[in-house]
Amino acid sequence: MCGIVGIVATTDVAPALYDGLTVLQHRGQDAAGIATADGSHLRVHKGNGLVRDVFDAKSMAMLQGRVGIAHCRYPTAGNAGADEAQPFYVNSPYGIALAHNGNLINTDALRQEVFEQDRRNVNTDSDSEVLLNVFAHELGTQKALTPQAVFHAIEGVNRRARGGYAVVCTVLGLGLVAFRDPHGIRPLVLGRRSTATGTDYAVASESVALDILGFERMRDVQPGEAVVVTARGELFTQVCAPAQQHAPCIFEYVYFARPDSMMDDISVHKARMRMGVKLGEKILRLRPDHDIDVVIPIPDTSRDAALEIASVLGVKYREGFIKNRYVGRTFIMPGQGERAASVKRKLNPIPLEFKGRVVLLVDDSIVRGTTSKQIVQMARDAGARKVYLASAAPPVRYPNIYGIDMPSVDELVAHDRSEDEIQQILGCDWLIYQDLKDLEDAVSGPKQRIDHFDSSCFDGKYVTGIDPGYFERIQQLRSDDAKKSRRAL
């Protein structure tokens, strides 16, 4: 999962791109980069680390231009070296910089096509560089550099690329280009801001980036839609793919997105509250005479759900864990050892909230199970009489292949196991999962704006289809052992 921002403004955009990245830092902590277009010059600065570590006064001063894009990365597969920090750049045609959130599932075939048919070289293992070269080739077949030519090029990209992707580009001589995959799996939001000298436009992974920059959220970029904003501030849009089933990633609402974001016209905050209501109602159905004394969230993303569970059950809600804000999100730590060690650095229990009580811990989801097992033990060590664990999401039984680093199946605690078996592994006295239909209803909400989601990590149904041997290939890339071997090289 990554965060992307693109802006066309009447003043230099680098400071705004930096600020936009800081509120998308939760989407990727491995690397960051900014590219700006200043006339016929493209300026790029990127590197490994948090946004605040990658950029300093000198690098920001260099990033001149009124058109620009930005990216913060967490790698889902392949290497995580500085050479794979985004944006990527090619000088032909015109000069294009590209940043990408998502994952292509036909990268190997595309890489071969790019080399053999398009006669272009891909220098890294990143599917984003492959996507850049596909777009560059398709744009190079057009007779002129116009918005319509870009739309034709993106039609070609959508015919060739498979997977989930949201993309921002700068094209020298034109302006900002952004587009979203035909199923709308990865999010992309469009906004505008009126100034004394004209109208600024921005696109971002989440609406919170628009909010802090003073942009009005216009709407979500539609599945298969492309957006072109010229350097003069002219906006053009066109759907560049045949109609497909709209299937946004449901895990965005469960875990990744900030609660103050709106995506696909759905409030993440409200979706998580509804998850809590649904799960509280399930608990009452299963155990109407429950003995739960207190509901305690595992911070941060489960708070909204935990509050509603407590309300439905009619029991106390308490903050039982203090979080160290200076430790990254354990889900996206690069190795199991680092994830396990970081849990104790990240959370510390308040014994007064646990001692002698039957505690219901609430988490947004359970992926590998290592973190959950440690937290259950923390609660016991803090004096809890019983420890129940509720997950606002169903069991994660399958890999996510559209841009979330859910590992190979043998690292998923729920894969090929019953809930009783998972409960024994995690060491809790009772384990409660959300039902998938309840989750989808909770996210869609009462207005039912979306009737289908990419819930593939829960049900194994992949909207793009899967080629034979694909899971074996991603297991070689995504398993912790594979990543450890690459880091040792």
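Which residue follows helix 10, and is its phi positive or negative? The residue after helix 10 is G314, and its phi is positive, near 75 degrees. Keep in mind as you look around that this is a predicted model. Here is a friendly tour, from the whole chain down to single residues.

**The chain as a whole**

- The secondary structure of the chain comes to 17 helices and 22 strands.
- Measuring along the principal axes, you would find that the C-alpha trace spans about 70 × 50 × 45 Å.
- A compact globule of 489 residues would have a radius of gyration near 23 Å, and the chain agrees with this because its own value is 23 Å.
- Burial is easy to state: 60% of the 489 residues count as buried.
- Take the contacts between residues at least 6 apart in sequence: 70% of them join residues at least 24 apart.

**Helix 4 and helix 5**

- Two packed helices are described by the angle between their axes and the distance between the axes.
- For helix 4 (residues 107-116) and helix 5 (residues 127-140), the axes come within 10 Å and cross at roughly 45 degrees.
- That angle is why helix 4 is called oblique to helix 5.
- The crossing of helix 4 past helix 5 is left-handed.
- On the helix 4 side, the contact is made by T107, L110, R111 and V114, while helix 5 brings D127, V130, N133 and V134.
- Sorted by character, the residues of this contact are four nonpolar, two polar and two charged.

**A closer look at V134**

- You will find V134 in helix 5.
- Is V134 buried or exposed? V134 has a relative accessible area of 0%, so it is buried.
- Apart from its neighbours within four places in sequence, V134 is in contact with L110, V114, V157 and R160.
- From V134 to I309 there are 175 residues in sequence, and their C-alpha atoms lie 48 Å apart in space.

**Helix 10 and its surroundings**

- I309 takes us to helix 10 (residues 303-313), where the buried residues are D304, A305, A306, E308, I309, A310 and L313.
- What covers these buried residues? The cover includes helix 9 (268-286) and strand 16 (294-297).
- Strand 17 (316-317) and strand 20 (358-363) are also included in the cover over the buried residues of helix 10.
- Just after helix 10 we are back at G314, the residue with the positive phi from the opening question.

Terms used: Residues numbered from 1 in each chain as written. Predicted model: local features only at pLDDT ≥ 70, side-chain atom pairs only at ≥ 80, totals over all residues. Heavy atoms only, no water. Axes fitted to C-alpha atoms, helices over the stretch in contact; angles between N-to-C directions. Helix = DSSP H or I, 4+ residues; strand = E, 2+ residues; numbered from the N terminus. Parallel < 35°, antiparallel > 145°, perpendicular 65-115°, else oblique. Left-handed = near helix turned anticlockwise from the far one by under 90°. Contact = heavy atoms within 4.5 Å. Nonpolar A, V, L, I, M, F, W, Y, C, P; charged D, E, K, R; others polar. Rg over C-alpha atoms; globule rule 2.2 N^0.38 Å. Buried < 20%, exposed > 50% of the residue type's maximum accessible area, 1.4 Å probe, protein only.
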